[in-house]
Amino acid sequence: MSAPGIDRRRQILDVALTAFSTSGYHNTSMNDIADALSMTKPVVYQYFDSKRALYRELLHFVGEDLVRTVTAVAAEATDPRIQTERGMIAYFTWVSTHREAFSLLFESSARVDEEFADIVSEFEDAAARAIAPFIAAAVSNEDQVTFAVGLVGMAETVSRQVIRQGRDFDAESLGRAVAELAWGGLRSVGQSRINQPR
């Protein structure tokens, strides 16, 4: 059984996620969050000493969930191609079921505030470093990380596009298609490295 304080903290995070992803950081006040929770503002401040602290924790909470979900699913496979596919499907499944969280990370104030942007970049880097070992192209470890950053960027950009357009999408089909595109590119890079004259 969860402690009441932990439940209340999570409740505040859940409501804040909706408020911030809908209205943005600057247009959301602690009063707005307290009102949505039918609490007084001082009660919210017992758990988060400022709106900025609440937003920071929310970014960490959402980012960690995304990275943990994608890497855990990808790691279940041993074949690099299947890992790439499962990782992409897991990413788009997460986006499909956590649209507000995705918007918070990639479509909101997190991009214009330097501190918040740094937190988002940490998770992008963490995701890239987690999937880099799955890249089986004949490239250096440094290039593996570079290509992994590209894969994360590809998944993020495709997600931003479908979210911005308000499109419904099948996460599995989209994940397979993007994985196929990514895999084809990685294999051609590996082959070009192998076939380069020395």
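**Close-up views of a predicted helical model**

**View 1. Asp113 and Arg52 pair up across the chain.** Asp113 makes a salt bridge with Arg52, with 2.8 Å between the closest N and O atoms; a salt bridge here is a side-chain nitrogen of Lys or Arg within 4 Å of a carboxyl oxygen of Asp or Glu. Asp113 sits in the loop between α6 and α7 and Arg52 in helix α4, so the pair ties together parts that are 61 residues apart in sequence. Helices (H or I, at least four residues) and strands (E, at least two) are DSSP runs, numbered from the N terminus. Asp113 is buried at 17% relative accessible area, while Arg52 is partly exposed at 27%. Buried means under 20% relative accessible area, exposed over 50%, and partly exposed in between (1.4 Å probe, protein chains only). Arg52, Arg56, Asp113 and Glu115 are linked in a network of salt bridges.

A word on the model: this is a prediction, where local features need pLDDT of at least 70 and side-chain atom pairs count only at pLDDT 80 or more, while totals for chains, interfaces and linings use all residues. Residues are numbered from 1 along each chain as its sequence is written, and side-chain values use heavy atoms, leaving out hydrogens and water.

**View 2. Two salt bridges involve helix α1**. Arg9 and Glu57 meet through their side chains in a salt bridge (2.8 Å, N to O). Arg9 belongs to helix α1 and Glu57 to helix α4, so this pair ties together parts that are 48 residues apart in sequence. Both ends are partly exposed: Arg9 has a relative accessible area of 28% and Glu57 has 27%. Arg10 forms a salt bridge with Asp14, the closest N and O atoms being 3.0 Å apart. Arg10 and Asp14 are four residues apart in helix α1, so about one helical turn separates them. A search of the whole structure turns up 10 salt bridges.

**View 3. Lys51 is buried yet has no salt bridge**. Lys51 lies in helix α4 (residues 51–75). The nearest side chain of opposite charge, Asp32, is 7.5 Å away (Lys and Arg count as positive and Asp and Glu as negative; His and the chain ends are not counted). What lies 2.8 Å from a polar atom of the Lys51 side chain? That is the backbone oxygen of Thr28. Leaving aside residues up to four places away in sequence, Lys51 touches Phe20, Tyr25, His26, Thr28, Ser29 and Met30, where contact means heavy atoms within 4.5 Å.

**View 4. Val152 is tucked into helix α8**. Helix α8 covers residues 141–164, and Val152 counts as buried at 11% relative accessibility. Not counting residues up to four places away in sequence, Val152 touches Glu124, Ala127, Ala128 and Ile131. The C-alpha atoms of Val152 and Asp125 are separated by 8.8 Å, though the two residues are 27 apart along the chain. Other buried residues of α8 include Leu151, Ala155, Glu156 and Ser159. Just after α8 comes Gly166, with a positive phi near 65 degrees.

**View 5. Tyr91 is among the residues with the most contacts inside the largest nonpolar core**. This core has 56 residues; a nonpolar core is a set of buried Ala, Val, Leu, Ile, Met, Phe, Trp, Tyr and Cys residues joined through side-chain atoms within 4.5 Å. Helix α4 gives the largest share, nine residues. Beyond four places in sequence, Tyr91 touches Leu66, Val70, Phe102, Phe106, Ala155, Glu156 and Ser159.

Technical notes. Polar contact = N/O pair within 3.5 Å; in protein donor to acceptor, adjacent residues only side chain to side chain.
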